[in-house]
Amino acid sequence: MDNHFECPICFEIPSAEIYQCTNGHTICSECSVNIKSCPECRVPYGNSKIRNRALEQILDKQTFPCVFKEKGCSELCKRQDVDKHGLNCYYNPDSKTAVRLCQKLGFDDCKFILRGSSRSEIIRHFQEDHSFPVENGSSVIIHYGDFKAVTDPMAAKDSNWPPTLLCWEFEGPLVLLLGKVDLSIGSALWNGVCVWEIEDFLRCFILEFSLQNHDNLTKPVDWKIPLLSLEEAEESLSLWTSSSVMCYDFTFICKKVFYE
Ligand SMILES: [Zn+2]
Ligand SMILES: [Zn+2]
Ligand SMILES: [Zn+2]
Ligand SMILES: [Zn+2]
């Protein structure tokens, strides 16, 4: 972005009218209200402000990066929309509207922004800030304990398992495994959200689950679900819709995550 488009007082791209001194130095309309002489050459503005419509029209034809560009936002806005977007931008730590995965999981106060965070930052966040179990490797087996126990209505508080972070291979994708039991329909619900991925790798992965009875005599129930992208997970109304299965009395095993 060229610096001469920015207002010399507020350092922002003017969102409305643009004024100038007799030497042609520009200033945005909001800052021009409080200032009597040009901040660059000290020439007084006088009583009738000189508007620069040519520059307004040039800026109208352009788009400008979000103020949170450095944090990972790739949004380009018309000049009058930069502020409005910034207020609601996902990367704005104070945004009230950005839905974040941690908040969807019940951590209402967590402001951690997954999008744009590094692989190691994400591992550290889930491990240290939320105490989620972390599993490494290309083939992970996780025993979630007695399924019968968690389907017991008396144990309703256990109806959510702690999310588990799968660290797939060396520098590979990170998958957050989410699971809960819906006591009202007697169903186990699962999903895997790819919270960090190498570009375009998401569609190469599928989660394969296996439910096995304690006696090892019953045939295991196997099913596969596609991984959700972080965006899909944050924007969907429910994290559980695509992974429901009816089952009782089983021990849950996440058998593996594999390349398709
Ligand atoms: Zn200004
Ligand atoms: Zn000037
Ligand atoms: Zn943004
Ligand atoms: Zn969090």
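Select Glu 135 and Leu 166 to begin: in β8, Leu 166 is the bridge partner of Glu 135. The strands concerned are β6 (residues 134-136) and β8, which run parallel and are joined by 3 bridges, where two strands are said to pair if DSSP finds at least two bridges between them. Strands here are DSSP runs of E with at least two residues, and helices are runs of H or I with at least four residues, numbered from the N terminus. This is a predicted model, in which local features need pLDDT of at least 70 and side-chain atom pairs count only at pLDDT 80 or more, while totals for chains, interfaces and linings use all residues. Residues are numbered from 1 along each chain as its sequence is written, and chains are lettered from A and ligands numbered from 1 in the order in which they are written.

**Strand β8 and its two faces**

Stay on Leu 166, which counts as buried because 25 C-beta neighbours lie inside 10 Å. The term buried requires 20 or more other C-beta atoms within 10 Å of the residue's own, exposed means 12 or fewer, and partly exposed lies in between, with C-beta atoms placed from the backbone. In a regular strand the side chains alternate between the two faces of the sheet. Show the side chains of β8 and both faces prove to be covered, with Thr 164 and Leu 166 buried on one side and Leu 165 and Cys 167 buried on the other. From Leu 166, a C-alpha to C-alpha distance of 10.0 Å leads to Val 193, which is 27 residues away in sequence.

**The largest nonpolar core**

Val 193 is a good point of entry to the largest nonpolar core, which has 36 residues and in which Leu 101, Val 175, Leu 176, Val 193, Cys 194, Val 195 and Leu 230 have the most contacts. A nonpolar core is a set of buried Ala, Val, Leu, Ile, Met, Phe, Trp, Tyr and Cys residues joined through C-beta atoms within 7 Å. Colour by element next: those that give two or more residues to this core are α4 (101-104), β8 (164-167), β9 (174-182), β10 (187-196) and α7 (230-235), and β10 gives the most, with 6 residues. Domain 2 (63-98) and domain 3 (101-259) both give residues to the core, so it lies between them; the domain bounds come from an automatic or database domain assignment.

Now centre on Leu 230. Leaving aside neighbours within four places in sequence, Leu 230 is in contact with Leu 101, Leu 114, Arg 115, Val 193, Cys 194 and Val 195, where contact means that the C-beta atoms, placed from the backbone, lie within 7 Å. Apart from the core just visited lies another core, of 5 residues, among them Ile 18, Tyr 19, Ile 27 and Cys 28.

**The three-stranded sheet and the annotated region**

Follow Tyr 19, which stands opposite Arg 51 in β3. Strand β1 (residues 18-20) is joined to β3 by 2 bridges, and the two run antiparallel. Together with β2 they form an open sheet of 3 strands, in the order β2-β1-β3 with antiparallel pairing, whose edge strands, β2 (26-28) and β3 (50-51), each pair on one side only.

Select residues 7-42, which the UniProt annotation "domain: RING-type", from an unreviewed entry, covers; such annotations may be inferred rather than shown by experiment. Over this range the chain is 17% helix and 17% strand, and the end C-alpha atoms are 15 Å apart.

Most residues other than glycine have a negative phi. Phe 11, in the segment before β1, has a positive phi of about 60° although it is not a glycine, and with 10 C-beta neighbours inside 10 Å it counts as exposed. Arg 42, in the loop between α1 (29-34) and β3, has a positive phi near 70° and is exposed, with 9 other C-beta atoms within 10 Å.

**Confidence along the chain**

Finish by colouring on pLDDT, the predictor's confidence in each residue, from 0 to 100. The protein chain averages 78, and 69% of the residues score at least 70. Confidence is lowest in helix α6 (residues 147-151), at a mean of 44, and highest in strand β5 (residues 76-77), at 96. Over residues 145-158 the pLDDT is below 50, and this stretch has 18 contacts in the model beyond near neighbours in sequence. Where pLDDT is low, the predicted coordinates should not be read in detail.

Key: Contact = placed C-beta atoms within 7 Å.
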